[in-house]
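This briefing goes with the sequence and the three-dimensional structure shown below. Please keep both in view while you read, and look up each residue as it is named.

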Amino acid sequence: MIRIDGQLVSPGAGGVYNERMVKGYRVWDPFRSKLAALCMLDETIDLTPSMRVLYLGAANGTTVSHVADYVEVVYAVEFAPRPLRDLLVVAEKRENIVPIAGDATRPDRYAPFLEEVDLLYQDVAQPDQAGILIKHLPFLKRATSGPDEVSGPEQVSGGAGGPTAILMLKTRSVDIRMTPEEVFSGTVERLREAGLLIHKTCWLEPYHHDHAAIVCGIGDR
C-alpha cells in the first residue's frame with residue numbers, strides 16, 4: 001500500500017468521484033472508505049498485484065476503484081439499482097472490475113461468474129452480516145499456512161497472510177437493542193463457530209463510529 005505524506009493513496013487514474021490527487025496518486029479517504037480506515041489503523045493490511053478479490057456491498061464503486069488500482073481483479077457485487085448504475089460506470093474505466101448485479105444473501109445465483117479469490121471482503125450492512133460472509137467462504141482459496149488465531153476480540157495487530165476474509169461490521173445494522181460491544185462479541189463467536197480463525201480485529205474509530213473490522217483466515221477446511 002502506498003502512503004504519501006501520511007495519506008493513503010492508490011496509483012490509478014483519477015476522476016472517479018472527484019477524489020483529490022497527490023503527486024499523481026489518488027487519495028483514498030479513510031473517512032469515506034472503511035477499508036481505507038482499516039489500512040490507516042493497521043499498516044500490515046496489504047493489497048498486492050496478484051490478488052483476486054470478491055467484494056460484497058460494492059455500492060457505487062468508489063472503494064472498489066481503489067482496490068482495483070492495486071489488485072489483479074475485483075468481483076464487485078451490488079444489489080441496489082442506483083449504486084449499481086454508478087458501479088457500472090466505474091467498471092467501464094477499469095477493466096479489472098467485474099460488476100455483478102446480485103443479492104449477497106443468495107450467492108448461488110451468481111456463483112457461475114466467480115472463481116476462488118485471495119480476499120473476501122464483506123461490507124453489506126444487513127442484520128446477518130456474519131452469515132453473508134460465511135455463505136461466501138466456498139469462494140475463498142484454501143489456506144496453505146498462516147498465523148495462529150488471536151487470543152481475544154480486543155484490538156490486535158499482525159499480518160494475516162494467506163487467503164483472508166474481512167468483515168466490516170456495522171453494529172447498528174445487526175441489532176440496535178444490543179450494545180456495539182455485544183454485537184461485536186457475538187459476531188466474532190459466530191465466525192469462530194463457522195471454522196474461521198480470527199487474525200485481528202479493531203474498531204474503526206475515529207473514522208467510522210460503531211463499525212469494527214474483523215480479519216479472518218479460513219484455516220483447514
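Y17, W28, D29, R32, S33, T62, T63 and H66 line the largest cavity. The structure is a predicted model, and the points below take up its enclosed space, its nonpolar cores, a set of paired strands and one loop residue.

**The cavity**

- The structure holds 1 cavity of 30 Å³ or more, and the space inside the largest cavity comes to about 40 Å³.
- When the residues lining the largest cavity are sorted by character, 2 are nonpolar, 4 are polar and 2 are charged.

**The nonpolar cores**

- The largest nonpolar core has 34 residues, and within this core L38 and V67 are the residues that touch the most other members.
- At least two residues of this core are supplied by each of the helices α1 (34-41), α2 (62-70) and α3 (81-93), and likewise by each of the strands β5 (52-56), β6 (73-78), β8 (119-122), β9 (164-170) and β11 (211-217).
- Among these elements, α1 provides the largest share of the core, with 5 residues.
- If its neighbours within four places in sequence are left aside, V67 is in contact with W28, L35, L47, V53, Y55 and V74; of these contacts, W28 is also one of the residues that line the largest cavity.
- Another core, which lies apart from the largest one, is made of 31 residues, including V73, L114, F139 and I198.

**Paired strands at β1, β2 and β4**

- Strand β1 (residues 2-4) and strand β2 (residues 7-10) run antiparallel and are joined by 3 bridges, and in this pairing I2 has V9 of β2 as its bridge partner.
- These two strands, β1 and β2, form a hairpin with 2 residues between them, and D5, which sits in the turn, has a positive phi of about 50 degrees.
- Strand β2 also pairs in the antiparallel sense with strand β4 (residues 25-27), this time over 2 bridges, and here S10 stands opposite R26 in β4.

**A residue in a loop: V124**

- Is V124, a loop residue between β8 and α4 (129-135), buried or exposed?
- V124 has a relative accessible area of 10%, and because buried means under 20%, this residue counts as buried.
- Not counting residues up to four places away in sequence, V124 touches L56, G57, A104, Q129 and I132.
- V124 and L87 lie 37 residues apart in sequence, while the distance between them in space, taken from C-alpha to C-alpha, is 15 Å.

Conventions:
Residues are numbered from 1 along each chain as its sequence is written. This is a predicted model: local features need pLDDT of at least 70, side-chain atom pairs count only at pLDDT 80 or more; totals for chains, interfaces and linings use all residues. Side-chain values use heavy atoms; hydrogens and water are left out. On a 1 Å grid over the protein atoms alone, a cavity is a set of points where a 1.4 Å probe fits but cannot get out, and a pocket is an open set with protein on both sides within 12 Å along at least five of seven lines; lining residues have an atom within 4 Å of a point. Grid points are joined across faces, edges and corners, and a volume is the space filled by probe spheres set on the points. Ala, Val, Leu, Ile, Met, Phe, Trp, Tyr, Cys and Pro count as nonpolar, Asp, Glu, Lys and Arg as charged, and the others, Gly among them, as polar. A nonpolar core is a set of buried Ala, Val, Leu, Ile, Met, Phe, Trp, Tyr and Cys residues joined through side-chain atoms within 4.5 Å. Buried means under 20% relative accessible area, exposed over 50%, partly exposed in between (1.4 Å probe, protein chains only). Helices (H or I, at least four residues) and strands (E, at least two) are DSSP runs, numbered from the N terminus. Contact means heavy atoms within 4.5 Å. Two strands pair if DSSP finds at least two bridges between them.
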